[in-house]
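Please work through the exercises below with the sequence and the model at hand, and try each task before reading its solution.

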Amino acid sequence: MSQPTAAGDAAPATMRAVVVTRPGGLEALEIKDVPVPVRTPGWVRIKVRAFGVNESEVTTRKGESDAEVTYPRVPGIEGVGVVDEADEDSGLRPGQQVATMMGGMGRAYDGAYAQYVTVPAPQVIPFETSLPWEVVGALPEMFQTAYGSLATGLGLQAGQTLLIRGGTSTVGLSAATIAKDLGATVLSTTRSESRSGELRAAGVDHPLVDNGTLAHQVRELIPDGVDAALELVGCSVLPDTLRTVRRHGTVCFTGALAGQWTIRDFSPFMIPSGVRLTSYAGEATDLPAQVFQQQLQAIADGRLKAPVAKVYHGLEQVRDAQADVEAGTTPGKHVVLLDD
């Protein structure tokens, strides 16, 4: 059995955490004193410094998740912090900066809405940065989804054209900055003309107002169709998105902001001849440590933007953060920062 390596100061016996005992409204997010999680071999205990607040955690709180989620549960599908304890042969050292996300975190086992969290070692991403924790805390799930969609789902290359449908979402804004840094030409959508400036600030070349049908607008700009399209709105607009792509181009289905995940009476012949349709639903392992490190450096250099909507201080403000995520009025990532 691997021997553990631990931080110089032993972790306390108890910690503060946000616990959902039973599904409900914002009042279901209760701050409690609970035991610090005991790390088992093959897992890593992390002292949490910041975490993003996501729509899936709102779903967990409401009891609308799938059967994987049981209660009581500490939510939180992502977090950043420092290693508190790890196996000696894990390659991780106490005090090392790390990020973690997904893999059942905050759903099948307790997540990052807490002072400490334990996660399987393969989903821990080490990094080094002087960026503030609240900036880094906005990135793991958002960048993993955006990068995985572009790299694994679409295989996007420099010089290609990309359409992002659902562009003012956190993943959409992140995908735009990554694609521009790669050297792509980016078209991206918003349902409101007033939000076009947010897209331009993320580097989007052609902001488009989406009224439900987009193919004509795209073809006016790119007559043969774009090389790639990232679908974040969902199945309600997928047939139209497929019509924006050139022959032998690819559409990657990653999200369903509009809530529709399936197409009734789907026929493969709805896919235009020669257009490829794929999907992306990856995990932390799809974001290599060197890629995450490069993204952090690009933010530090000013080449990438971290779309942070608002920073909340302490577990006491988790309810406010979830309320703002539900309201959806502020674009970007909502991040909770924990003090020492």
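**Exercise 1: a pair of strands**

In this predicted model, strand 10 (residues 185-190) and strand 11 (residues 206-209) run parallel and are joined by four bridges. Find the residue of strand 11 that is the bridge partner of T190, and state which unit strand 10, helix 5 and strand 11 make.

Solution. Start from T190 and go across to strand 11, where the bridge partner is V209. Then follow the chain through helix 5 (residues 196-201), which together with strand 10 and strand 11 makes a β-α-β unit that is right-handed.

**Exercise 2: one helix and its surroundings**

Determine which residues of helix 1 (residues 55-62) are buried, and explain why they line one face of the helix.

Solution. The buried residues in helix 1 are E57, V58, T60 and R61. Seen down the axis of helix 1, these buried residues fall within an arc of 160°, and therefore they line one face. As a next step, look at what they pack against: strand 2 (14-20), strand 3 (29-35), strand 4 (43-53), strand 5 (78-87) and helix 9 (318-327). Just after helix 1 comes G63, which takes a positive phi of about 80°.

**Exercise 3: cysteines**

Explain why C235 does not form a bond with the closest cysteine sulfur.

Solution. The closest cysteine sulfur to that of C235 belongs to C252 and is 13 Å away, which is too far for a bond, since a disulfide requires sulfur atoms within 2.5 Å. Accordingly, C252 is in no disulfide, and the structure as a whole holds zero disulfides. As for their surroundings, C235 is buried, with a relative accessible area of 8%, and C252 is buried with a value of 0%.

Terms used
Residues numbered from 1 in each chain as written. Predicted model: local features only at pLDDT ≥ 70, side-chain atom pairs only at ≥ 80, totals over all residues. Heavy atoms only, no water. Pairing = 2+ DSSP bridges. Helix = DSSP H or I, 4+ residues; strand = E, 2+ residues; numbered from the N terminus. Right-handed = clockwise from strand over helix to strand, strands pointing away. Buried < 20%, exposed > 50% of the residue type's maximum accessible area, 1.4 Å probe, protein only. Arc of directions from axis to C-beta. Contact = heavy atoms within 4.5 Å.
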